[in-house]
Amino acid sequence: MEHSLDPGLYIVATPIGNLGDITRRAVEVLQQVEAVACEDTRVTGKLMHHLGFKTRLIRYDDHAGEGDRERLLALMQEHPVALVSDAGTPLISDPGYRLVREARARGIAVTSLPGPNAAVVGMTLSGLPNDRFLFAGFLPNKAKAREDVLLELAPVRTTLIFYETAPRLDASLAAIGALMPGREVSVARELTKKFEECRTGSPEELAAYYAQHPPKGEIVLLIAPPADKPVDALDVDALLRSELEVSKASQAAAKVARATGLDRKTLYARALELR
Ligand code: SAM
């Protein structure tokens with residue numbers, strides 16, 4: 001088969017819901033490459049069907065081993081090969097990191113075709129400060145690990161962006177309410193799709209709303225930066241009290257110190273008073 005594209009790896013973003021969001025360049029490249037490496041051949045097969053052509057699909061997902069990667073690398077040394085994920089931009093909470101790293105190490109040409117990304121769509125829609133933001137992937141599933149991530153990121157003075165799933169939204173909102181009191185939160189759901197929704201409020205307000213209207217579909221969760229003024233005494237007491245329910249005073253003080261950036265010794269003294 002004759003290609004007008006040079007050999008190499010073409011990272012191609014695809015729609016996150018609305019098929020109209022595919023770019024012209026993505027269509028041209030997906031049609032012209034020798035093969036498309038994809039997470040799920042059924043999902044990408046449907047996209048191709050919609051676009052009206054059939055390019056060879058090769059499965060490359062999180063379970064791909066060394067052998068799968070070697071075969072793809074050998075192919076892209078001679079031919080143009082595209083990498084897509086089920087939706088959005090490959091590598092962003094999706095497979096591809098090792099493939100790109102190895103391709104670059106071997107001097108294979110790598111290029112990336114920009115397009116939809118749920119984190120960026122959520123950021124633009126939320127109305128939260130966007131001069132700086134930190135994308136932190138999925139919040140962990142387990143309560144303790146989720147709490148650790150939130151405490152680690154609580155003092156960071158940027159909007160925080162997470163990917164989230166509907167069944168875990170209530171647990172995450174409760175944890176944010178407990179560990180980051182007073183922070184504004186946005187839930188951006190079903191972006192680019194028919195039932196797109198973006199709600200902003202306190203974690204408690206959002207939790208109450210979604211208790212009445214159980215969320216469906218895909219979610220981006222955004223947390224506004226901490227207020228410029230220091231956390232006031234009431235917030236600190238609430239944080240310490242909540243930690244004291246499950247930890248010793250020293251541990252509670254250390255956790256709240258990490259979350260707020262306040263002095264650990266002062267917090268420890270206050271924790272002893274509150275206990
Ligand atoms: N690589 C993708 C991207 O560029 O956005 C993200 C892949 S990650 C495996 C899937 C997660 O992205 C979902 O669980 C959800 O948190 C978020 N997501 C993807 N599509 C979305 C949409 N249409 N609306 C809201 N969130 C979405």
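Here is a quick tour of where the ligand sits in this protein and what surrounds it. Keep in mind that the model is predicted. The chain splits into three parts: domain 1 (8-116), domain 2 (119-223) and domain 3 (233-274). The ligand lies between domain 1 and domain 2, because both of them give residues to the shell around it.

**Where the ligand sits**

- If you go looking for the ligand, check the largest pocket, since that's where it sits.
- Two elements, β7 (159-165) and β10 (218-223), give two or more residues each to the shell around the ligand.
- Of these, β10 supplies the largest share of the shell, with three residues.

**Who's around it**

- You'll find 19 residues surrounding the ligand.
- The closest ones are Ile92, Asp94, Asn117, Ala118 and Ile219.
- Sort the shell by residue type and you get 10 nonpolar, four polar and five charged residues.

**Polar contacts to look for**

- Ala118 uses its backbone here: one of its backbone N or O atoms is 2.8 Å from an oxygen atom of the ligand.
- Leu191 also uses its backbone, with an N or O atom lying 2.8 Å from a nitrogen atom of the ligand.
- Glu218 joins in through its side chain instead, where an N or O atom is 3.2 Å from a nitrogen atom of the ligand.
- How much of the ligand does the protein bury? On its own the ligand would expose 570 Å², and the protein buries 91% of that.

**The domains again**

- Measuring from centre to centre over C-alpha atoms, domain 1 and domain 3 are 48 Å apart.
- Domain 1 (8-116) and domain 2 (119-223) are the pair with the ligand between them, as both contribute to its shell.

Terms used
Residues numbered from 1 in each chain as written. Predicted model: local features only at pLDDT ≥ 70, side-chain atom pairs only at ≥ 80, totals over all residues. Heavy atoms only, no water. Near = heavy atom within 4 Å. Polar contact = N/O pair within 3.5 Å; in protein donor to acceptor, adjacent residues only side chain to side chain. Areas by Shrake-Rupley, 256 points an atom, 1.4 Å probe, with all protein chains shown as cover. 1 Å grid on protein atoms, 1.4 Å probe; cavity = no way out; pocket = protein on both sides within 12 Å on 5 of 7 lines; lining within 4 Å. Sits in = over half its atoms within 2 Å of the grid points. Helix = DSSP H or I, 4+ residues; strand = E, 2+ residues; numbered from the N terminus. Nonpolar A, V, L, I, M, F, W, Y, C, P; charged D, E, K, R; others polar. Domains from an automatic or database assignment.
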